[in-house]
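Work through the following exercises with the sequence and the 3D structure beside you, and try each task before you read its solution.

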Number of protein chains: 4
Amino acid sequence: MENKQKTAILLLSCPDRRGLVSRISNFIFERGGNILDLNEHVEPDEKIFSLRVAWDTEEFSIKPNEITAAFSPLAKEFNADWKISFAEEKIKTAVFVSRYDHCLQEILWRYSLNEFGIEIPLIISNHPDCKTLADHYKIPFHLFPITPADKLVQEEKQLKLLADNKIDTIILARYMQIITNNFISRYQNKIINIHHSFLPAFIGGNPYKQAYDRGVKIIGATSHYVTEELDEGPIIEQDIIRISHKDTLNALIRKGRDLERLVLARAVQLHSEHRVLVRGKKTLIFT
Amino acid sequence: MENKQKTAILLLSCPDRRGLVSRISNFIFERGGNILDLNEHVEPDEKIFSLRVAWDTEEFSIKPNEITAAFSPLAKEFNADWKISFAEEKIKTAVFVSRYDHCLQEILWRYSLNEFGIEIPLIISNHPDCKTLADHYKIPFHLFPITPADKLVQEEKQLKLLADNKIDTIILARYMQIITNNFISRYQNKIINIHHSFLPAFIGGNPYKQAYDRGVKIIGATSHYVTEELDEGPIIEQDIIRISHKDTLNALIRKGRDLERLVLARAVQLHSEHRVLVRGKKTLIFT
Amino acid sequence: MENKQKTAILLLSCPDRRGLVSRISNFIFERGGNILDLNEHVEPDEKIFSLRVAWDTEEFSIKPNEITAAFSPLAKEFNADWKISFAEEKIKTAVFVSRYDHCLQEILWRYSLNEFGIEIPLIISNHPDCKTLADHYKIPFHLFPITPADKLVQEEKQLKLLADNKIDTIILARYMQIITNNFISRYQNKIINIHHSFLPAFIGGNPYKQAYDRGVKIIGATSHYVTEELDEGPIIEQDIIRISHKDTLNALIRKGRDLERLVLARAVQLHSEHRVLVRGKKTLIFT
Amino acid sequence: MENKQKTAILLLSCPDRRGLVSRISNFIFERGGNILDLNEHVEPDEKIFSLRVAWDTEEFSIKPNEITAAFSPLAKEFNADWKISFAEEKIKTAVFVSRYDHCLQEILWRYSLNEFGIEIPLIISNHPDCKTLADHYKIPFHLFPITPADKLVQEEKQLKLLADNKIDTIILARYMQIITNNFISRYQNKIINIHHSFLPAFIGGNPYKQAYDRGVKIIGATSHYVTEELDEGPIIEQDIIRISHKDTLNALIRKGRDLERLVLARAVQLHSEHRVLVRGKKTLIFT
């Protein structure tokens, strides 16, 4: 079997102290790795050091699957939150969708172009509408209709399906169901949502209507990790578009659609390239 | 005395019905006016017609100061909210400022370049800090220190000064005092404020701190007319700037400063060119 | 047969003179039309008047197919370039594509959402690659492989196919063939191209490579009507995206793709809503 | 004398090889430095390694003025282009200006707010217009009127003045004279210009007129280092603003002014924070 996992990526944060970059880069250098990209940041008030480093492991003296164990003692000494991933290892990702297909379409199209470092073994929906789109891209589509009565039962089935497929990351591509805390707790900082407003403006339902009624001159979209507090999760990416009084509510929805799919796509790309480091309620984006 | 009021501008809104453009343009044409710019909009749901039309009155058969009277019967028939202004008639404008000078600086610099159709006979402040800047631009600077005890008294003095100077419009260039409802009611849709966030996100105090804590990826600024509800007035202009986790709170404040002054300047320009039509809690911007 | 052509749209430009708005709006009013949207502009130096007006013809006293004849005398008197269209009359549009499918995909997806006022009876390509995409949207796909030897012959066949289908507008969705002047002359200001640079920067081939080599910090895309001078046609829409030294040439191409499809889509929408008025080498966009 | 030079900044580029980050960070760590910010980039095709690292030298075992000598052997081994600066050491900067004052105004205002890590001991102009502005900020203003006949003589006097004041960096704040190659060669990648177009579009004179005539929908501004080829120097920063057919040439000039001053200010800030690394005709911007 060939060694496909060529590029190792370490995401790490820990209390700041002298020598962190030096000792981490030595760890890589001494084992024959070549650093391709390194980005670090020290939060000046909190004194927290965060880093993303990617290195070529082609001539690395230890095997990819041994790197995590080898780095562990250092990480422990630093009291770090950390994870080592491989750029070439595709993240198993499920897409959840309801009726609106634009975000799903965008994700699948880019996926078909190989833009993301992900693999999509399945799509889950509470409505049958997007099945033909899933079929076009030849991805299994699983229908879980949800009523208030059977929501928990259906979620359990979804969780089993996800577990069976070793799903790591979930994209909510305009999935119009509130996910329970039980579900969220199993995918901490692994569920990527797209909210159709410039958070924290217009939290909650019908943000385009809220924006229209308020008479804002700019609308936005926000992609964030889902946490137990609705619309309060760490923000990955946001963008905006200018509107005017000539835009009807429908025009806002149409313009917003373009934002939603681009912002979600960028968030998925950042996540899949291991560029997002969550620290509390915020993210650091290493680009 | 020469006729300096060359370009008349009508801002009007009324219930929609057939023939409004025709009858208004006839009013202008029949008196020898030449339309320079006409922009209209019908809100499809509310069935409200709004219009801004500017025309050259050089060969107009009635004098500028008689146009309003001449148009009145038509406006009455249409049941319209309306106003006729003249592009060449500079709006008497007071600038209120506290300690931060960047917005005042921007306004005065553009004023000195003759960018706005305004005249600034006076600056009012509750702090002496900006006096040298006012001096540089040779504009009288009036200091009204404000304590909770004398706030109402000072406001009355301000109102008198404004009235004595026939002030029409007030720019709050980061004026850090809440203005009383009594004051606001005398300058309905005439007080232009700059709020240092992308409203309605981060309403209230210290929006940059709120933005920093929330971890947004974009910050904004909003210029709006002041109404009795804090930060809820009709929005004139907004803009945003991208930030990252590398930006400290101070960096947000610094970047935000650039936004604030540009957004405020654009709002002042739109207002001074009679391009802003307020309808309820929203504005139509005729550009 | 029902009257589907409800909203008439007049695009007109002519030498400026007094009374144009009045007489045109009277023409509409006297026949019972209700103006929905009117936008005019006078170029101050050239003294050219341009206008777009849309009106509801539901209670219009003359039939849709007689409006053009009825308006002719007025237009003649004004010495105008003009055209009357109907919002509900879908423009017959052919899409030309080569191998890159992102622009075609974007157009077809929006088309399927009914975003544009167009009908796409056929797709033409010089490569078979995009046939499956055309099939997915159930649009006839016509293959015209082109070699230097048979280019003119193939173009004649294309022109015949277009004529047979009464095609009015052509979208070049990254069609990688130079179109001959003969072809262009038959579709004056009817061929919408997307150029993958911020024109006039990087005219000609391989603009992303040129941008990469020059080290610009922003790349762009431009949609324009095709004229006989390459990349010199009237610009309909442009947009940009920020890049950095970290972006490889491939990253520019990938980011540029997102721009191209959005800019082309916006241009198609503006064109299909009769919002683009061409004046010489420039456009007026009535939004 | 206190040690004011607290934060050392190394900018370095060299052929890529294994261990560069490790050895450079060890150099810092072993001497007691604490890395505050590290950013590196490897150009994948050219195999060139570039890095910016900033570290706290408070407990550094060697003195600030000895660091360059201490690092020299390493840099030589790497065959590197490099420079060590100190964040707290203000760059002696001269501003050149002609008649337009907006860029000078912006620079001086931000300078007065201490936004830049620069010191401005003098302003040079070929016109007396901006003297009052210089006076307001209490900066010596040197007038060098230039005619074709005495251009070289005046430049020599300017160069002497710059040398006497130990000027390191020159900001051309809309200085409307072509600088000779002799002058440029003494300030390689040290002269920051603002060009009032989105380079490489509209190279040369009167770019707003060119933009107006071409009918572009977006205008831009570009800040770059001055090289012997006009408008071809490495680009530091660019930005754009949307325009429409309603914008007259004067409106473009006015809107462009806002761009010019912001883009120039950002370029000066990047330069003064030692975030710009020039590689051939391009820059790397470490932010």
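**Exercise 1.** What distance separates the centres of domain 1 of chain A and domain 2 of chain A, taken over C-alpha atoms?

*Solution.* Begin by noting that this is a predicted model, and that chain A is divided into domain 1, which covers 7–86, and domain 2, which covers 91–285. Taking the centres of these two domains over their C-alpha atoms, one finds that they are separated by 31 Å. The next step is to look at where the domains touch: domain 1 of chain A gives eight residues to the contact, while domain 2 of chain A gives five residues. On the side of domain 1 of chain A that touches domain 2 of chain A, β1 (7–15) and β3 (48–56) of chain A each supply at least two residues. Sorted by class, the residues of that side of domain 1 of chain A are three nonpolar, four polar and one charged.

**Exercise 2.** Describe the fold of chain A as a whole, and explain how its compactness may be judged.

*Solution.* First list the elements, since chain A holds eight helices and 13 strands. Then compare two values: the radius of gyration of chain A is 21 Å, which is close to the 19 Å given by the globule rule for 287 residues, and therefore chain A is as compact as a globular protein of that length. Along its principal axes, the C-alpha trace of chain A spans about 60 × 45 × 35 Å. Turning to burial, 45% of the 287 residues of chain A count as buried, where a buried residue has 20 or more other C-beta atoms within 10 Å of its own. Finally, among the contacts in chain A with a separation of 6 or more, 69% are accounted for by residues 24 or more positions apart.

**Exercise 3.** Work out how chain B is related to chain A, and then describe the contact between the two chains.

*Solution.* Start with the superposition, in which a rotation of 180° with 0.0 Å of shift along its axis brings chain B onto chain A with an RMSD of 0.0 Å. The two copies are thus related as by a two-fold rotation axis. The same surface serves both copies, for 100% of the contact residues of chain B recur in chain A. Next, count the residues in the contact, to which chain B gives 24 residues and chain A gives 24 residues. On the side of chain B that touches chain A, the elements that give two or more residues are β11 (235–242) and β13 (282–285) of chain B. By class, that side of chain B has 11 nonpolar, seven polar and six charged residues.

Terms used:
Residues numbered from 1 in each chain as written. Chains lettered and ligands numbered in written order. Predicted model: local features only at pLDDT ≥ 70, side-chain atom pairs only at ≥ 80, totals over all residues. Least-squares fit on C-alpha atoms with pLDDT ≥ 70 in both. Contact = placed C-beta atoms within 7 Å. Helix = DSSP H or I, 4+ residues; strand = E, 2+ residues; numbered from the N terminus. Nonpolar A, V, L, I, M, F, W, Y, C, P; charged D, E, K, R; others polar. Domains from an automatic or database assignment. Rg over C-alpha atoms; globule rule 2.2 N^0.38 Å. Buried ≥ 20, exposed ≤ 12 C-beta atoms within 10 Å, placed from the backbone.
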